[in-house]
Structures are given as C-alpha cells and as structure tokens.
Amino acid sequence: MRLAAVVLILIILSSGCLGVNSTLSPSQEEEVSCIRPGYGEFNAGNILFNLTDEHERLEENLAFLMPPNSTIEVKGLLFAKKYSVNQKECYYEGKVKLSAFLGNSDTSNSWTHLQSRLKKVENISVEIVPKETIISENKNATFEVIIKTENVRVGETYYIYIVAFGEDGWKAWARIG
C-alpha cells in the first residue's frame, strides 16, 4: 500500500501536475500564440478570382453566363493572409488543398453554415489546377479553375465554391457565379 502511494506521488511529480517543469518550450509558445481566430470556423478570405497580370481583383463576386458545350477558365490567387494574436503577427499559410463544390447564392463567413449548403458538382465539370499547393508569408500561389459545360442546363444558375483547406485547420472559400 505504501509503495503504491510513493509510485503515485512520483507519477504526479513527473507529469508536471504540481507545477514542476511546467514551462513551455519556445516552439510550443509560438504554436499557442498563433491559434487562428475562430479555429477554422470563419473564412480566412485569402482567395481572389479573375485576376489581371498585376493580380488586381476585378470584381467582388465573379459572375458569368455558362453556355452549353463551352470551356471557361478562371484564374485565381491564394495568398498567405496576415492576422494578429496578442500583438504577434501570424499567417494563414502552409500546405493547402483546393476543392470545388456547388452551393446556393447565400454566401456565409461561417463554415458550419456554408458546409451544410455545399454539394458535389453536377452537370458541369470543374477542375482545379493545381489541386494542392503551399503558401507562406513570402509565397503566394496561383491556380486555375477550368469549367466544362457539356451537360449544363440552360437557364439554371450554378454557384461554384472553391474551398481551400489549410493543413493547420483554417479554411477559405470564394464563390464563382
């Protein structure tokens, strides 16, 4: 019985529960201080479409007609957007996967709200080149969305959402159409 009590005290002391060795390493402090606002629930807002050669955004929401049997190419830019936590400068950055979905005209800054309204792409073909990329404070990524309208229904409106999933849990999205 006495041996069990001694072992329990040693386990508690070694785990740091009593405050012994409870300091964070520098890498842990940096990780804690750059927690993204909203923990990935809110739109990072770092996708732009319809860019000129100088990377200027032409419109807030790009909209266009999709005639049947056409190929439409839309250029995009994904950039490492800056945010601050406790006066520390951080970035939405890292490895990113890009995906396309169909949705409705209601756009939202809440991932939970938007995700419930997204569905698989139907009646059109949407390809993103490249599908994966890496962005950092000093490195933006360009991509292209290629839309093929072989089976488009005339008169139907298609709202195409491009969603960037950051490997660290952040998300960004923008709507085409």
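Trainee: Why does K95 count as partly exposed in this predicted model?

Mentor: The relative accessibility of K95 is 36%, and since buried means under 20% and exposed means over 50%, a value in between is called partly exposed.

Trainee: How do you know that the side chains of K95 and E132 meet in a salt bridge?

Mentor: The N to O distance for K95 and E132 is 3.6 Å, and the rule asks for a side-chain nitrogen of Lys or Arg within 4 Å of a carboxyl oxygen of Asp or Glu, so the pair qualifies. This salt bridge links distant parts of the chain, with K95 in strand β5 (residues 94–103) and E132 in strand β7, 37 residues apart. As general background, side chains of opposite charge can pair when their charged atoms come close.

Trainee: What makes E132 partly exposed?

Mentor: E132 has a relative accessibility of 41%, and because the partly exposed class lies between the 20% and 50% limits, E132 belongs there.

Trainee: How do you know that E132 and K97 also form a salt bridge?

Mentor: Their side chains meet at 3.9 Å, N to O, and because the cut-off is within 4 Å, this pair is counted. E132 lies in strand β7 and K97 in strand β5, so the salt bridge ties together parts that are 35 residues apart in sequence. K97 has a relative accessible area of 45% and is therefore partly exposed.

Trainee: What makes K95, K97 and E132 a network?

Mentor: E132 meets K95 in a salt bridge and also meets K97 in a salt bridge, and the three residues are accordingly linked in a network of salt bridges.

Trainee: Why is the pair R153 and E156 called a salt bridge?

Mentor: The closest N and O atoms of R153 and E156 are 3.4 Å apart, and because the limit is 4 Å, the pair meets the rule. R153 is partly exposed at 47% relative accessibility, and E156 is partly exposed as well, with a relative accessible area of 37%. By this rule the count comes to four salt bridges.

Trainee: What makes L48 buried?

Mentor: L48 has a relative accessible area of 14%, and because buried means under 20%, that value places L48 in the buried class. L48 sits in strand β1 (residues 47–49), and its C-alpha is 8.5 Å from that of K75, although these two residues are 27 apart in sequence. Of the 177 residues of the protein chain, 37% count as buried.

Trainee: How do you know which elements of the protein chain have the lowest and the highest mean pLDDT?

Mentor: Among the elements, helix α1 (residues 2–15) has the lowest mean pLDDT, 50, and strand β7 (residues 132–135) has the highest, 97. Over residues 13–24 the pLDDT is below 50, and this stretch has six contacts in the model beyond near neighbours in sequence. The pLDDT also stays under 50 over residues 52–60, for which the model has nine contacts beyond four places in sequence. Where pLDDT is low, the predicted coordinates should not be read in detail. For the protein chain, the mean pLDDT is 79, and 71% of its residues reach 70 or more.

Trainee: What makes up the protein chain in terms of helices and strands?

Mentor: The protein chain has three helices and ten strands, and from the N terminus on, its elements run α-α-β-β-β-β-β-α-β-β-β-β-β.

Notes: Residues numbered from 1 in each chain as written. Predicted model: local features only at pLDDT ≥ 70, side-chain atom pairs only at ≥ 80, totals over all residues. Heavy atoms only, no water. Helix = DSSP H or I, 4+ residues; strand = E, 2+ residues; numbered from the N terminus. Buried < 20%, exposed > 50% of the residue type's maximum accessible area, 1.4 Å probe, protein only. pLDDT = per-residue confidence, 0-100. Contact = heavy atoms within 4.5 Å.
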